[in-house]
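These are my notebook entries on a few places that I looked up. The sequence and the structure come before the entries.

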Amino acid sequence: MTATAPAPAPENPTAATDERLLGTSPLKRLLGRPELGSVVGALAVFVFFSLVADSFLRAGSLSTVLYASSTIGIMAVPVALLMIGGEFDLSAGVMVTTSALVSSMFSYQMTANVWVGSGVSLLVTLAIGAFNGFVLSRTKLPSFIVTLGTFLMLTGVNLGLTKLISGTVSTKSISDMDGFSSAQSVFASTLTLGGVQFKITILWWFALVALASWILLRTRAGNWIFAVGGNKDAARAVGVPVERTRIGLYMGVALGAWISGQHLLFSYDVVQSGEGVGNELIYIIAAVIGGCLITGGYGSAIGSAVGAFLFGMTSKGIVFAEWNPDWFKFFLGAMLLLATLLNAWVRKRAEATS
């Protein structure tokens with residue numbers, strides 16, 4: 001009976017190691033970050049305005065830039081998550097106004113504490129987001145068609161109901177109603193730090209970026225978002241709840257719209273029913289500049305924050321430099337094209353070195 005000799009051990013133990021366990025170089029990890037292009041662009045814009053605008057680096061000016069960025073960033077974060085999931089929302093801008101109008105008119109007409117109006121507004125706004133996601137899932141229509149329809153309906157409802165209830169295109173003042181001061185402190189107060197005043201929306205913005213980053217990178221829901229955006233059919237085949245994920249993403253946009261709407265209301269006390277039209281494009285631009293792909297499956301919450309910061313720097317930097325503000329849209333379009341090209345180049349480099 002012949003004994004079988006044991007197979008010799010490999011001369012180099014590391015050769016048998018699974019390649020998935022091998023470390024990734026810092027350069028590859030850096031090139032793989034979706035927000036790399038926007039960070040490079042933000043540094044360039046920051047240096048540029050620091051040189052051409054003497055007042056740009058003052059603490060008060062930077063506070064103004066951060067505030068302008070936060071008003072965009074609060075919405076850019078959930079819009080970025082939605083785009084990573086392969087969809088987008090054309091109703092996001094007018095939904096902010098809808099949120100503010102519901103809070104104001106419900107509180108005024110019912111003579112209720114403004115917090116009650118804010119609570120009703122939250123439910124209504126979340127219902128609009130759920131409606132978008134539900135219709136998209138049931139009809140299989142493109143998100144462009146579904147949210148364009150919602151955009152048009154909300155635009156008409158905002159104007160029609162406001163004129164019907166208030167008799168004008170704006171809401172009535174609620175500054176003397178119960179709960180206004182406390183709600184204003186939550187959504188529209190000013191904090192002083194080191195002698196410099198900062199709007200509380202900056203904290204809301206940072207908190208949403210942190211929450212969204214945690215969801216994307218540390219939870220199962222984050223894996224679902226990337227999977228649905230990458231290939232929804234493949235995601236459904238491996239058990240990902242595609243419809244629930246989409247509805248949740250649209251409700252996330254609605255939550256951001258509610259926060260932005262409450263800030264709008266409690267900052268100015270009254271709301272113009274025609275506001276918000278066109279802002280949805282700014283939110284999408286901020287997300288795209290931050291590294292999100294229109295096709296989905298790629299992007300980050302931090303990138304959307306950098307994109308919003310780029311928007312804030314450009315909009316206020318032009319003012320500090322005393323340039324004609326008519327040129328703002330030109331610079332915004334140029335940033336969008338350059339950031340998209342840079343993001344595409346970075347992604348190709350990352351794929352080539354992987």
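Which residue just after α6 takes a positive phi? I found that Gly167 does, with a phi of about 85 degrees. I note that the model I consulted is predicted.

**Entry on helix α6.** I looked up the extent of this helix, which runs over residues 143-166. I then compared its expected and actual span: at 1.5 Å a residue, its 24 residues should cover 34 Å, and the end C-alpha atoms are 33 Å apart, so the two values agree. I next listed the buried residues of α6, among them Val146, Phe151, Leu154 and Asn158. Ser143 and Ser166 are also on that list. I asked where the buried residues of α6 pack. The partners are α4 (92-110), α5 (114-139), α11 (242-268) and α12 (279-289).

**Entry on Ser104.** I turned to Ser104, which lies in helix α4, one of the partners noted above for α6. Its relative accessible area is 1%; because buried means under 20%, Ser104 counts as buried. Setting aside residues up to four places away in sequence, I recorded that Ser104 touches Thr171, Lys172, Ile174 and Leu265.

**Entry on Leu336.** I located Leu336 in helix α14, residues 328-353. Is Leu336 buried or partly exposed? Its relative accessibility is 24%, so I entered Leu336 as partly exposed. Apart from neighbours within four places in sequence, Leu336 is in contact with Ile285, Val288 and Ile289. I also looked up the separation of Leu336 and Ile289: they are 47 residues apart along the chain, while their C-alpha atoms are separated by 5.8 Å.

Methods: Residues are numbered from 1 along each chain as its sequence is written. This is a predicted model: local features need pLDDT of at least 70, side-chain atom pairs count only at pLDDT 80 or more; totals for chains, interfaces and linings use all residues. Side-chain values use heavy atoms; hydrogens and water are left out. Helices (H or I, at least four residues) and strands (E, at least two) are DSSP runs, numbered from the N terminus. Buried means under 20% relative accessible area, exposed over 50%, partly exposed in between (1.4 Å probe, protein chains only). Contact means heavy atoms within 4.5 Å. The expected span of a helix is 1.5 Å times one less than its number of residues.
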